[in-house]
Amino acid sequence: MENKQPLKMNIDIESAEDVICPYCELHLQENEPSSNIFIQAFMVKKIPALQSPTGKEALVPIPIFICQTCGQQLVQHADE
Ligand SMILES: [Zn+2]
């Protein structure tokens, strides 16, 4: 990943769209509010020694979001 471009965005967070858990949205009961609260967690990947820049096996944490209501991981489909 060589071409790192600085993120220059003017975000109006108030008008930004809420992300709602797709699982909760699908299985929503009529009287339940949809879930837009997520907990940050980490998935940990193990990098084999041969691929690691340090030459040693390494654990790399990847931040993910877990729906507070149903426990499903929030997945963003960026490349669709
Ligand atoms: Zn959910």
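Student: In which sense do strand β1 and β2 pair, and over how many bridges?
Tutor: In this predicted model, strand β1 covers residues 38–47. Strand β2 covers residues 58–67. The two pair in the antiparallel sense, and the count of bridges is 10.

Student: Which residue in β2 is the bridge partner of Phe42?
Tutor: Phe42 falls in strand β1, which spans residues 38–47. Its bridge partner is in β2, the strand of residues 58–67. That partner is Pro63.

Student: Which residue stands opposite Leu74 in β3?
Tutor: Strand β3 consists of residues 73–74 and pairs with β2 in the antiparallel sense over two bridges. Opposite Leu74 of β3 stands Phe65.

Student: How many residues lie between β2 and β3 in the hairpin, and which residue in the turn has a positive phi?
Tutor: β2 and β3 form a hairpin with five residues between them. In the turn, a positive phi of about 80° belongs to Gly71.

Student: How many of the residues of strand β2 are buried?
Tutor: A residue is called buried if 20 or more other C-beta atoms lie within 10 Å of its own. In the chain, 5% of the 80 residues are buried. Strand β2 has 10 residues and is hardly covered; its count of buried residues is one.

Student: In what order do the elements of the chain run from the N terminus on?
Tutor: The chain has one helix and three strands. The helix precedes the strands, and the order from the N terminus on is α-β-β-β.

Student: What share of the contacts with a separation of 6 or more is between residues 24 or more positions apart?
Tutor: The contacts counted here are those in the chain with a separation of 6 or more. Residues 24 or more positions apart account for 41%.

Technical notes: Residues are numbered from 1 along each chain as its sequence is written. This is a predicted model: local features need pLDDT of at least 70, side-chain atom pairs count only at pLDDT 80 or more; totals for chains, interfaces and linings use all residues. Helices (H or I, at least four residues) and strands (E, at least two) are DSSP runs, numbered from the N terminus. A residue is buried if 20 or more other C-beta atoms lie within 10 Å of its own, exposed if 12 or fewer, and partly exposed in between; C-beta atoms are placed from the backbone. Two residues are in contact if their C-beta atoms, placed from the backbone, lie within 7 Å. Two strands pair if DSSP finds at least two bridges between them.
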